Amino acid sequence: MEIYDEELGDPTMAIYQRFFAANPDAEDLFGEGGDIYSERRMMTGIFGLLLDLADGTLDPESSAWWVNDHVSWEVTRTMFESMFTCIVDEFRAGLGESWDPQMEADWAEVLARWATVVRVRLDDNGI
Ligand code: HEM
């Protein structure tokens, strides 16, 4: 995250571009045409959660409180899975040759920890 920020700046909009391209129905869930302020706040929250999960400050069990709200807003399982992918895809593509196998492994590990808990919550919601 730090290297991306130094080399390219804020990845937020690039991640949403990937996410909305893969999920054309998702943008209108933020309100017709999207809502840049909620989108930005959400991504800041996502980055905060990922950093806290990565350094162990946050117990994965406490990292999915927001899922039930999202299910009630009709965010689909496909969209959840897609967001995890879009985030790491953007960091990998943005870093280009600076990306290395250790980063790939670290990202996969943190995202898997988060996704495992999120998926249990989605199962509980029957979606
Ligand atoms: C596609 C439709 C989606 C909509 C409309 C939506 C909407 C929102 C909104 C309005 C917030 C609260 C932002 C704030 O004011 O603080 C939020 C937070 C959040 N969203 Fe989404 N979201 C969507 C998809 C997703 C997906 C696919 C993920 C998957 C990772 C996600 C993860 C989060 C997280 C982790 C937060 C909590 C951030 C925090 O409070 O720290 N959202 N979302």
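**Entry 1: Met79**

I started with Met79 and asked which residues it touches, leaving aside neighbours within four places in sequence; they are Asn23 and Ala26. This is a predicted model, so I keep that in mind throughout. I found Met79 in helix α6. Is Met79 buried, exposed or partly exposed? I counted 17 C-beta neighbours inside 10 Å, so Met79 goes down as partly exposed. I also checked a separation along the chain: Met79 and Ser62 are 17 residues apart, and their C-alpha atoms are separated by 21 Å.

**Entry 2: the ligand shell**

Next I turned to the ligand and noted 17 residues around it. The closest are Ala26, Leu29, Arg41, Gly45 and Met83. Then I looked up which elements give two or more residues to this shell: α3 (26-29), α4 (36-54) and α6 (77-95). Which of them gives the largest share? I found that α4 does, with seven residues. Sorting the shell by class, I wrote down twelve nonpolar, four polar and one charged residues.

**Entry 3: the nonpolar core**

Ala26 came up again when I looked for the largest nonpolar core. I count eight residues there: Ile15, Tyr16, Phe19, Ala26, Met83, Cys86, Ile87 and Phe91. The elements giving two or more residues to this core are α2 (12-22) and α6. The largest share, four residues, comes from α6. A reminder to myself: in soluble globular proteins, nonpolar side chains tend to be buried together.

I followed one core member, Phe91, further. Leaving aside neighbours within four places in sequence, Phe91 is in contact with Tyr4, Pro11 and Trp107.

**Entry 4: α6 against α7**

Trp107 led me to the pair α6 and α7, where Phe91 and Trp107 both take part in the contact. How do the two helices run relative to each other? Their axes come within 11 Å and cross at roughly 170°. I therefore noted α6 and α7 as roughly antiparallel to each other. On the α6 side, the contact is made by Arg77, Phe80, Phe84, Val88 and Phe91. On the α7 side, I listed Trp107, Leu111, Ala115, Val118 and Leu122. By class, this contact has nine nonpolar, no polar and one charged residues.

**Entry 5: α4 against α7**

I then took α4 with helix α7 (residues 101-124): the axes come within 10 Å and cross at roughly 110°. That angle makes α4 roughly perpendicular to α7. The contact involves Leu50, Leu53 and Ala54 of α4, together with Val110, Arg113 and Trp114 of α7. My class tally for this contact reads five nonpolar, no polar and one charged residues.

**Entry 6: Thr12**

I looked at Thr12, which lies in helix α2. What does Thr12 contact beyond its neighbours within four places in sequence? I found Arg40 and Met43. I also checked Met42: it is 30 residues from Thr12 along the chain, with the two C-alpha atoms separated by 9.6 Å. Thr12 has 17 C-beta neighbours inside 10 Å, so I marked it as partly exposed.

**Entry 7: Glu74**

My last stop was Glu74, in the loop between α5 (67-72) and α6. Its phi is near 75°, a positive value in a residue other than glycine. Is Glu74 buried or exposed? I entered it as exposed, because it has 11 C-beta neighbours inside 10 Å.

Terms used:
Residues numbered from 1 in each chain as written. Predicted model: local features only at pLDDT ≥ 70, side-chain atom pairs only at ≥ 80, totals over all residues. Near = placed C-beta within 6 Å. Nonpolar A, V, L, I, M, F, W, Y, C, P; charged D, E, K, R; others polar. Axes fitted to C-alpha atoms, helices over the stretch in contact; angles between N-to-C directions. Parallel < 35°, antiparallel > 145°, perpendicular 65-115°, else oblique. Contact = placed C-beta atoms within 7 Å. Core = buried A, V, L, I, M, F, W, Y, C linked by C-beta atoms within 7 Å. Buried ≥ 20, exposed ≤ 12 C-beta atoms within 10 Å, placed from the backbone.
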